[in-house]
Amino acid sequence: MKTTPPADQLRALGYDTTPAEIRRFQQAYNRLGPERLLAIHGELDRATRAALALAYDSRALLSIVRDRSEAGR
């Protein structure tokens, strides 16, 4: 099975590959659980890449969480 590159995963999830957009993904991902799972630094470190792969595989759920969070701003 072919692995989708992190940049393509970010784009499929509605993010760009800039540090600001990676931070935005990290913040959205951290909203999924009761505790902070990722450091917010805008880099694709190992933990962020693993979270990105999981989010990519369950992108419909992340989209709902992100849309609800951003609507409340």
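Start with the whole chain on screen: among contacts (heavy atoms within 4.5 Å) between residues at least 6 apart in sequence, 46% join residues at least 24 apart. Before you click on, note that this is a predicted model, where local features need pLDDT of at least 70 and side-chain atom pairs count only at pLDDT 80 or more, while totals for chains, interfaces and linings use all residues. Residues are numbered from 1 along each chain as its sequence is written, and side-chain values use heavy atoms, with hydrogens and water left out.

**The whole protein**

Switch to cartoon view and you'll find four helices and zero strands, running α-α-α-α from the N terminus. Those labels are DSSP runs numbered from the N terminus: helices are H or I with at least four residues, strands are E with at least two. The radius of gyration is 11 Å, close to the 11 Å that the globule rule gives for 73 residues, so the protein is as compact as a globular protein of that length. (That radius is taken over C-alpha atoms, and the rule is 2.2 Å times the number of residues to the power 0.38.) Show just the C-alpha trace, and its span along the principal axes is about 35 × 25 × 20 Å.

Of the 73 residues, 29% count as buried; buried means under 20% relative accessible area, exposed over 50%, and partly exposed in between (1.4 Å probe, protein chains only).

**Stop one: Gln9**

Select Gln9, in helix 1 (residues 6–12). With a relative accessible area of 6%, Gln9 is buried. Now show what surrounds Gln9: leaving aside neighbours within four places in sequence, this residue touches Thr4, Leu52, Ala53 and Tyr56. Zoom in on Thr4, whose backbone oxygen lies 3.1 Å from a polar atom of the Gln9 side chain.

**Stop two: Glu21**

Next, pick Glu21 in helix 2 (residues 19–30). Is Glu21 buried or exposed? Glu21 counts as buried, at 19% relative accessibility. Beyond neighbours within four places in sequence, Glu21 is in contact with Gly14, Tyr15 and Asp16. Pull up the backbone nitrogen of Asp16: a polar atom of the Glu21 side chain is 3.2 Å away.

**Stop three: Ala39**

Finally, move to Ala39, in the loop between helix 2 and helix 3 (46–57). Ala39 is partly exposed, with a relative accessible area of 33%. Add Gln26 to the selection and draw a distance between the two C-alpha atoms: Ala39 and Gln26 are 13 residues apart along the chain, and those atoms are separated by 7.3 Å.

Technical notes
A polar contact is a pair of N or O atoms within 3.5 Å; within protein, one must be able to donate a hydrogen and the other to accept it, and residues adjacent in sequence count only if both atoms are side-chain atoms.
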